[in-house]
Amino acid sequence: QVLVQRADLVLMVLNARSLDPFFSIVEDVLRLLHQHRGKVRYLLDGADLVDARDLLHIYGAMLWGLGRHLPTPEAPRIFVG
């Protein structure tokens, strides 16, 4: 928590191939990051390793997973790389 408070920017990098177990593991981290949501950028890594159709499904799953754990009506912005 101290690191997040001192940082100017927090990058949360998510792997496109392993999202399912991710959200169950880091629920508390997502809640902590939500308190500092102006600093947080979500990055979807590995987009070049999947085809466009799968990427669309992965992106939707990521939005749904983040939406379940972040207490806000709007979806977070996700950068794809």
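**Lys39 and its surroundings**

Let me begin with Lys39, which sits in the loop that runs between helix 3 (27-34) and strand 2 (40-45). Please keep in mind throughout that what we are looking at is a predicted model.

What is the nearest side chain of opposite charge to Lys39, and how far away is it? It is Asp8, at 6.3 Å, and Lys39, although buried, has no salt bridge. A salt bridge here would need a side-chain nitrogen of Lys or Arg within 4 Å of a carboxyl oxygen of Asp or Glu, so the 6.3 Å to Asp8 does not qualify. There is, however, a polar atom of the Lys39 side chain that lies 3.0 Å from the backbone oxygen of Ala7. If we set aside the neighbours within four places in sequence, Lys39 is in contact with Val4, Gln5, Arg6, Ala7, Asp8, Leu9 and Val10.

From that list I would like to pick out Leu9, which belongs to the loop between helix 1 (2-6) and strand 1 (10-15). Is Leu9 buried or partly exposed? With a relative accessible area of 47%, Leu9 is partly exposed, and together with Leu11 and Val13 it forms a nonpolar patch on the surface, whose accessible area comes to about 280 Å².

Val10, also on the list, lies in strand 1 and is buried, its relative accessible area being 14%. Although Val10 and Lys39 are 29 residues apart along the chain, their C-alpha atoms are separated by 5.7 Å. Beyond its neighbours within four places in sequence, Val10 is in contact with Lys39, and also with Val4, Leu33, Val40 and Arg41.

Let us now turn to His36, which is found, like Lys39, in the loop between helix 3 and strand 2. His36 counts as buried because its relative accessible area, at 17%, falls under the 20% cut-off. Leaving out the neighbours within four places in sequence, the residues in contact with His36 are Val4 and Gln5, and both of these also appear among the contacts of Lys39.

Finally, we come to Tyr42, whose place is in strand 2 and which, at 5% relative accessibility, is buried. Between Tyr42 and Val10 there are 8.6 Å in space, taken from C-alpha to C-alpha, while in sequence the two are 32 residues apart. Again leaving aside the neighbours within four places in sequence, Tyr42 is in contact with a list of residues that includes Met12 and Leu30, and also Met62, Leu66 and Leu70, as well as Pro76, Arg77, Ile78 and Phe79.

Conventions: Residues are numbered from 1 along each chain as its sequence is written. This is a predicted model: local features need pLDDT of at least 70, side-chain atom pairs count only at pLDDT 80 or more; totals for chains, interfaces and linings use all residues. Side-chain values use heavy atoms; hydrogens and water are left out. Helices (H or I, at least four residues) and strands (E, at least two) are DSSP runs, numbered from the N terminus. Buried means under 20% relative accessible area, exposed over 50%, partly exposed in between (1.4 Å probe, protein chains only). Lys and Arg count as positive and Asp and Glu as negative; His and the chain ends are not counted. A polar contact is a pair of N or O atoms within 3.5 Å; within protein, one must be able to donate a hydrogen and the other to accept it, and residues adjacent in sequence count only if both atoms are side-chain atoms. Contact means heavy atoms within 4.5 Å. Patches are made of residues with over 30% relative accessible area and no salt bridge: like charges are joined within 9 Å, nonpolar side chains (Val, Leu, Ile, Met, Phe, Trp, Tyr) within 5 Å. Accessible areas come from the Shrake-Rupley method with a 1.4 Å probe; for residues, only the protein chains shown count as cover.
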